[in-house]
Amino acid sequence: MDFKFTEEQEMLARSVERFARQEVAPGADQRDETGEWNWELWRKIGEIGLLGLPIPEEYGGSGASAVTSLLAYEAFCRGGRDAGLYLSVGAHVFLCAVPIWLHGTEEQKKKFLPKLCSGEYVGALALTEPNAGSDAAGIQTTARREGDYYVLNGSKMFITNGSIADVILVMATLDRSKRAQGVTAFIVEKGTPGFSVSRELNKMGHRSSPTAELVFEDCRVPVDNRLGDEGRGFQVTTDTLVWERGVFLAAESIGLMEAILEMTLEYAKQRIQFGKPIAEFQMIREKLANMQITLDAAKLLSYRAAWMKDEGLDGKFEASVAKGFYADQLVRMAEDALQIFGGYGYMKEYPIERIYRDAKLMTIGGGTSEVQKLVISSKLIRA
Ligand SMILES: Cc1cc2nc3c(=O)[nH]c(=O)nc-3n(C[C@H](O)[C@H](O)[C@H](O)COP(=O)(O)OP(=O)(O)OC[C@H]3O[C@@H](n4cnc5c(N)ncnc54)[C@H](O)[C@@H]3O)c2cc1C
C-alpha cells in the first residue's frame, strides 16, 4: 500500500489550485448572487486542460488516471470555492465526455471529444425526468426507430448545462416494459429539430451552474448518434459510476471540506470572545477536530475508489461507500462551520453561507444518500 502521490501529481494539484485561487475564487460570490454563467472562465479552464483531463491524449485530453483527476479537481474546488462552476465542469467531463470515450465508436470519439476537451463544445447528460429520478429505469422519454433515425419524445429535468450544451447525452427507452433493458443512449446535438430548452431553473445553491428542463418533440436523431447498442444505455451510466461518485463528486466534497476547514480555522483563531480566541473553547475545538477526522476519512474512502478504477478493479461499491459518507458529512461540516462563524456566518459577506447552500446538493445528485445506502445494503444482504 502506498499513500504517496508522485511529484508530477503534486505539481499538477499545486498549479490547478493556484489557477483556481487567482481566477475562480475572486468572482465566486458575485456569480452566486446573479446566477450568471461565465464563458471567459470556461475558456480559461479549457486552456489549462481541465475540460478533458481523464480523456486520452489522442482525443484531445490529458489521459489522467482517476487518482490524478481526483487530486486535480479537489485542488480546483479547494482553491476556487465555486461549487457551481465546478458542477458544470464535472458534468461536462464525467457525465458526457467520459461516457463517449468509454462507449463511443471511433467516429463519435473523433467527432465530439476534441471539441469537448478544448471547451469549444459544452457537454451534458440528460437522464432524470420530471417523474423519474432515483428510479432511473422508469424513464418515460421514448425512442422509436424510423429508417436512419430515432425519433425521441419526452422531457428531462434538472439537467446541468442543459441550456448551454452543444452535446447532450440523452437516455430514452425503446420499450418501457423492459425497464433498464429498454434504455438506450443518444448523442443529441444542439440545433437538432424537435429539441428545445423549456425553462431554466432557479436554485438554492450551485447558482453559477445553469440547470434546465429539456423537451424532445419528434426529435430526429441520426442512427450514427446512438451511443452503444440498443438497450445498453444503462451500461453507459453504470460504467461511469466510479468516475461520478469516486472522482467527480468526491473532488467537490473533499475540496469544499478543505476550504471550510481552512476558513473556519482562520476565523476561530482571530475571533475574540470572553477575552480569548474562540478556538480556545473546548466545544469549538471539538468541532474543528471532527472536521479534520471527517476530511481524512472522506479522502481515504474516495481515493480508494479512484485507485480501484485505475487498478482495473470494479470499485462501484466502494464509490457508493465513499459517497454515502462524504455527502452527509459535508453537509454536517458546513453547518458546524456556519455555527462557528456565528452571526457573521449567516451573512453573505462570508462565503460559508454559500458553501452551506451548495453542500446540500451532494446528498441529492449522483444518487441520493438513501440510494447509496440501498446499493451498500443490497450487497451486504446478498453476500
Ligand atoms: C442541481 C442539480 C443538478 C442535477 N444535474 C443533473 C444532470 O446533469 N443530469 C441528470 O440526469 N440529472 C441531474 N440531476 C438530477 C438528480 O440526479 C436527481 O435529483 C436525483 O437522482 C434524485 O432524483 P429526484 O430528484 O427525482 O428525487 P426522487 O427520486 O423523487 O427522491 C425523493 C426522495 O425519496 C428518496 N427515495 C427514492 N427512492 C427511494 C427508495 N427506494 N428508498 C428510500 N428512499 C428513496 C430519495 O432518496 C429522496 O430523498 C440534478 C439535480 C440537481 C438538484
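Which helices are included in what covers the buried residues of helix 12?

**Figure 1. Helix 12 and its cover in the predicted model.** Helix 12 is formed by residues 369–382, and among its residues Ser369, Val371, Gln372 and Ile376 are buried. What covers these buried residues includes helix 8, at residues 241–270, and helix 10, at residues 316–346. The length of helix 12 can be checked against its residue count: at 1.5 Å a residue its 14 residues should span 20 Å, and because the end C-alpha atoms are 20 Å apart, the expected and computed values agree.

**Figure 2. The packing of helix 4 against helix 9.** Two packed helices are described by the angle between their axes together with the distance between those axes. For helix 4 (residues 66–80) and helix 9 (residues 282–310), the angle is about 140° and the axes are 7 Å apart. On the side of helix 4 the contact is made by Ala66, Val67, Leu70, Leu71 and Glu74, which meet Lys299, Ser302, Tyr303, Ala306, Trp307, Lys309 and Asp310 of helix 9. Sorted by character, the residues of this contact comprise seven nonpolar, one polar and four charged.

**Figure 3. The surroundings of Asp358 in helix 11.** Asp358 belongs to helix 11, which covers residues 352–359. Its relative accessible area is 3%, and since a residue under 20% counts as buried, Asp358 is classed as buried. When neighbours within four places in sequence are left aside, the contacts of Asp358 are with Ala83, Gly205 and His206. Pro99, by comparison, lies 259 residues from Asp358 along the chain, and the C-alpha atoms of these two residues are separated by 26 Å.

**Figure 4. The three domain spans listed by UniProt, taken in chain order.** The UniProt record, an unreviewed entry, places the feature "domain: Acyl-CoA dehydrogenase/oxidase N-terminal" at residues 6–120; in the model this span is 72% helix and 0% strand, with its end C-alpha atoms 31 Å apart. For the feature "domain: Acyl-CoA oxidase/dehydrogenase middle", the record gives residues 124–219, a span that is 0% helix and 51% strand and whose end C-alpha atoms lie 17 Å apart. The feature "domain: Acyl-CoA dehydrogenase/oxidase C-terminal" is listed by UniProt at residues 231–379, where the chain is 77% helix and 3% strand and the end C-alpha atoms are separated by 24 Å.

Terms used:
Residues are numbered from 1 along each chain as its sequence is written. This is a predicted model: local features need pLDDT of at least 70, side-chain atom pairs count only at pLDDT 80 or more; totals for chains, interfaces and linings use all residues. Side-chain values use heavy atoms; hydrogens and water are left out. UniProt positions are given in the numbering used here, feature names are shortened, and annotations may be inferred rather than shown by experiment. Helices (H or I, at least four residues) and strands (E, at least two) are DSSP runs, numbered from the N terminus. Axes are lines fitted to C-alpha atoms, for helices over the stretch in contact, and angles run from 0 to 180 degrees between N-to-C directions. Contact means heavy atoms within 4.5 Å. Ala, Val, Leu, Ile, Met, Phe, Trp, Tyr, Cys and Pro count as nonpolar, Asp, Glu, Lys and Arg as charged, and the others, Gly among them, as polar. Buried means under 20% relative accessible area, exposed over 50%, partly exposed in between (1.4 Å probe, protein chains only). The expected span of a helix is 1.5 Å times one less than its number of residues.
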